[in-house]
Structure formats: structure tokens, C-alpha cells
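Got your viewer open? Let's take a short walk through the charged side chains, one selection at a time.

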Amino acid sequence: MSAKEYEKKTEEFLMPILEKKGLSLWDVVFEKEGKEYYLSAYIDKPGGITVNDCEEVSREMNEILDREDYIKENYTFVVSSPGLDRPLKRERDFMNSIGRQVEIKTYKAIDGYKEFTGTLVAYDKDTVTVDEGDGERVFNRKDISMIRLAFEI
């Protein structure tokens, strides 16, 4: 199985656990860091998650991981928050972030700038639209190197 297949299967097992606890899944990532492999699940809920949320999900998911044993590599399973400045990667990330402040970095300068901040107002498979306060700006997704939630004080 590939890393993407591990992530997909892990997501399938995680979803019922999260739904019964009122939590949502932000992302699942299987990656190698140095010599170690990590399977990371990033969870969230309105108001933020707690250490207890992570511990409960980890405990239940570890039982499934031990029973199903579908990952051939030795790895460490980690459950955590996606953080305040979480990147937007998937359809649901964008959908859940409509109306929130985002930071966008582009590969090339646009009107002399490579970094932008605004309120996410729309997106589709090709574009992202933000309100910069003095008007809306539409970005081609292929031009965006990174988009994440802006840290709001």
C-alpha cells in the first residue's frame, strides 16, 4: 500500500470515532521524518480540541491499528490539533474556512507582492477568491504555493 492508501484507510477508521465524539477530521498524513515513519491525525472541533480529546481518539484508534495491522512499516501514531495557522488542502478545508481570514503565498509576484491576507469568500477547483478589505482578489490555484488560516487575535 502507498502512503495515500494508508491515509485513506486510516481516515475511514477514524471518522466513526470522531463523529461519536463531535469532532472533525482536518487531515491524515503518513510520512517519513528522518528514519522514522509517522501516521498523524489532525482533529478539530468548535472552540478547539483538548489533550483529552487527542488521548481518547488515540486510545480508540490504536486498538483498531493493532487489530487491522494494515501498515507494514514501523511507525508512531500521533493525534493532534492542526494548529491555529492550519493549511487549507482539501475541499472540506476550504468549505469550513469560508468567511475566515487566510494568508496566501504565491509562487510569483502579483502586482509586486507574493503574500496576501483577506477573508476567504469563494473557491472552486481552479480559483480562490478573498476579500482584501478594499475589494476582492481572485487567485488561480496553480499560482498559490501556500494558503492557510491567518492567526486571528
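## A salt-bridge tour

Start by selecting aspartate 111, which is exposed, with a relative accessible area of 60%. Keep in mind that you're looking at a predicted model. Now add arginine 137: the side chains of these two residues meet in a salt bridge, 2.9 Å from N to O. Zoom out a little, and you'll see that this pair ties together distant parts of the chain. Aspartate 111 sits in the loop between β4 (101–110) and β5 (113–123), while arginine 137 belongs to strand β7 (residues 136–140), 26 residues apart.

Next, pick glutamate 56 and lysine 21. They form a salt bridge too, with the closest N and O atoms 3.4 Å apart. Here the link runs between helices: glutamate 56 is in helix α2 (residues 51–68) and lysine 21 is in helix α1 (residues 3–21), 35 residues apart. Color by accessibility if you like: glutamate 56 is partly exposed at 35% relative accessible area, and lysine 21 is partly exposed at 26%.

Now go to glutamate 68 and select arginine 67 with it. Their closest N and O atoms are 3.3 Å apart, in another salt bridge. Is arginine 67 buried or exposed? It counts as exposed, because its relative accessibility of 58% is over the 50% cut-off. Glutamate 68, at 34%, is partly exposed.

For the full picture, how many salt bridges does a search of the whole structure find? The search turns up 16, including the pairs you've just visited.

Methods. Residues numbered from 1 in each chain as written. Predicted model: local features only at pLDDT ≥ 70, side-chain atom pairs only at ≥ 80, totals over all residues. Heavy atoms only, no water. Salt bridge = Lys/Arg side-chain N within 4 Å of Asp/Glu carboxyl O. Helix = DSSP H or I, 4+ residues; strand = E, 2+ residues; numbered from the N terminus. Buried < 20%, exposed > 50% of the residue type's maximum accessible area, 1.4 Å probe, protein only.
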